[in-house]
Amino acid sequence: MFVSIRDEVVLTTGFDSLHEALSYFDLRGVEMHFDRDYSVHAFQPEPGRTRLFMNKDEDVDTLRNQLHMSGIKLTGFLLHNDFNSKDMAKELDWVTRAVEVAEKLGAPMVRIDAIMSGEKDYPLERRQEMFAAAVQTILDRTKKSHIALG
């Protein structure tokens, strides 16, 4: 059986790094939170460098190497997106980059939220249309990607 765990969940167990925590629990998969500043937890943090920025290719390479050397599979990214953002261009760029990085790192999926700000201002059907339009934009931007959005 293959078991994966969220990075932020396993880090609540008191370990200083994902590498230590996953090694201790003998886990081989991790889903990582992809923050709005494009950062993720460094798998093996160094002094003064606890996060890696996925909008920097060298940090993507660092994470790839850290995961590979540890035998850990990135099972996906988790995003807390808002497809009713006041700055949809920025929101769509961020989610698109997460898909591109997931592809580069061999992850199978990116988890996105259907929850959005101002949901009480729109009927369900309108929110569904907004969500579908945003997802379609991301799919159009990443046509060659094999990443599942869920």
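These legends accompany close-up views of a predicted model.

**View 1. Five strands line up in an open, parallel sheet.**
A good place to start is the strand order, which reads S1-S2-S5-S6-S7. Strand S1 (4-6) and strand S7 (148-149) form the edges, and each of them pairs on one side only. As background, strands of a sheet pair through backbone hydrogen bonds, either parallel or antiparallel. In this sheet the pairing is parallel.

**View 2. Strand S5 sits between S2 and S6 in the strand order.**
Let us move in on S5 and its two partners. Strand S2 (residues 29-33) runs parallel to S5, and five bridges join the two. One pair to look for is Val 30 with its bridge partner in S5, Leu 74. Strand S5 (residues 73-78) also pairs in the parallel sense with strand S6 (residues 109-111), this time over two bridges. Here Phe 77 stands opposite Val 110 in S6, and Leu 78 stands opposite Arg 111 in S6. The chain gets from S5 to S6 by way of H4, and this β-α-β crossover is right-handed.

How many of the six residues of S5 are buried? Five of them are, and the strand is mostly covered.

**View 3. Helices H4 and H5 cross obliquely.**
Two packed helices are described by the angle between their axes and the distance between the axes. For H4 and H5, the axes come within 10 Å and cross at roughly 50°. Because an angle of this size is neither roughly parallel nor roughly perpendicular, the two helices count as oblique to each other. The crossing in which H4 passes H5 is right-handed.

**View 4. Asp 61 and Arg 64 form a salt bridge within helix H3.**
Side chains of opposite charge can pair when their charged atoms come close. The model holds eleven salt bridges, and this view shows the one between Asp 61 and Arg 64, whose closest N and O atoms are 2.7 Å apart. Both residues belong to helix H3 (residues 57-70), where they lie three residues apart, about one turn of the helix. Are these partners buried or partly exposed? Asp 61 is partly exposed, with a relative accessible area of 35%, and Arg 64 is partly exposed as well, at 32%.

**View 5. Arg 97 and Glu 100 meet in a salt bridge on helix H4.**
In this pair the N to O distance is 4.0 Å. Arg 97 and Glu 100 both lie in helix H4 (residues 88-105), and three residues, about one turn of the helix, separate them. Their surroundings are worth a look: Arg 97 is buried, with a relative accessible area of 14%, whereas Glu 100 is partly exposed, at 33%. Arg 97 counts as buried because its value falls under 20%.

**View 6. Glu 129 and Arg 126 pair within helix H5, and a separate network can be followed elsewhere.**
The side chains of Glu 129 and Arg 126 meet in a salt bridge of 3.6 Å, N to O. Because they are three residues apart in helix H5 (residues 124-141), about one helical turn lies between them. Glu 129 is partly exposed, with a relative accessible area of 48%, and Arg 126 counts as partly exposed at 38% relative accessibility. Salt bridges that share partners also join Asp 57, Arg 97, Glu 100 and Lys 104 into one network.

**View 7. Asp 26 and Tyr 38 have positive phi values.**
Most residues other than glycine have a negative phi, and most peptide bonds are trans. Against that background, two loop residues are shown here. Asp 26, with phi near 55°, is found in the loop between helix H2 (18-24) and S2. Tyr 38, with phi near 70°, is found in the loop between S2 and strand S3 (39-46). Which of the words buried and exposed fits each residue? Asp 26 is exposed, with a relative accessible area of 56%, while Tyr 38 counts as buried at 18% relative accessibility.

Technical notes. Residues are numbered from 1 along each chain as its sequence is written. This is a predicted model: local features need pLDDT of at least 70, side-chain atom pairs count only at pLDDT 80 or more; totals for chains, interfaces and linings use all residues. Side-chain values use heavy atoms; hydrogens and water are left out. Two strands pair if DSSP finds at least two bridges between them. Helices (H or I, at least four residues) and strands (E, at least two) are DSSP runs, numbered from the N terminus. Buried means under 20% relative accessible area, exposed over 50%, partly exposed in between (1.4 Å probe, protein chains only). A crossover is right-handed if, with the strands pointing away from the viewer, the path from the first strand over the helix to the second runs clockwise. Axes are lines fitted to C-alpha atoms, for helices over the stretch in contact, and angles run from 0 to 180 degrees between N-to-C directions. Angles under 35 degrees count as roughly parallel, over 145 as roughly antiparallel, 65 to 115 as roughly perpendicular and the rest as oblique. A crossing is left-handed if the near helix is turned anticlockwise from the far one by less than a right angle, and right-handed if clockwise.
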